[in-house]
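Visitor: Pick one part of this model and give me a close look at it, please. I'd like the surroundings too, with the cut-offs spelled out.

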Amino acid sequence: MPNGKPAGVRCLNLGEDYRCKIFGLPERPALCDGFKANLDVCGTSREEALQLISILEIETSPT
Ligand code: SF4
């Protein structure tokens with residue numbers, strides 16, 4: 001996404017199977033490449049990860 005991915009917006013590179021379509025390719029953002037799965041962020045399921053990320057977004061929002 002040329003101007004970055006806004007919070008809450010699905011990444012254009014995310015496939016229907018929830019896999020990154022550009023995994024391993026040079027155009028994958030460095031931030032994504034450097035992210036290491038962590039229980040505090042990812043939880044133990046997709047649903048838990050979405051809840052945790054929502055909390056992080058609220059807690060780190062500048063407004
Ligand atoms: S890893 Fe990065 S580029 Fe790939 S789908 Fe997720 S946010 Fe998009």
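Guide: Let's start with Leu50, which lies in helix H3 (helices are DSSP runs of H or I, at least four residues, numbered from the N terminus). This is a predicted model, so local features need pLDDT of at least 70 and side-chain atom pairs pLDDT 80 or more, while totals for chains, interfaces and linings use all residues. Numbering runs from 1 along each chain as its sequence is written, and side-chain values use heavy atoms, with hydrogens and water left out.

Leu50 counts as partly exposed because its relative accessible area is 44% (buried is under 20%, exposed over 50%, partly exposed in between, with a 1.4 Å probe on protein chains only). Ten residues away along the chain is Asp40, and the two C-alpha atoms are separated by 12 Å.

Now for the pocket that H3 helps to line. The largest pocket (an open set on a 1 Å grid over the protein atoms alone, where a 1.4 Å probe fits, with protein on both sides within 12 Å along at least five of seven lines; lining residues have an atom within 4 Å of a point) is lined by 33 residues, and Lys5, Cys11, Leu14, Cys32 and Ile53 lie nearest its centre. Helices H1 (30–34), H2 (39–42) and H3 (46–60) are the elements that give two or more residues to that lining. H3 gives the most, eight residues.

The ligand takes up this very pocket (more than half of its atoms lie within 2 Å of the grid points). Around the ligand you'll find Cys11, Asn13, Leu14, Cys20, Arg28, Pro29 and Cys32, each with a heavy atom within 4 Å of it.
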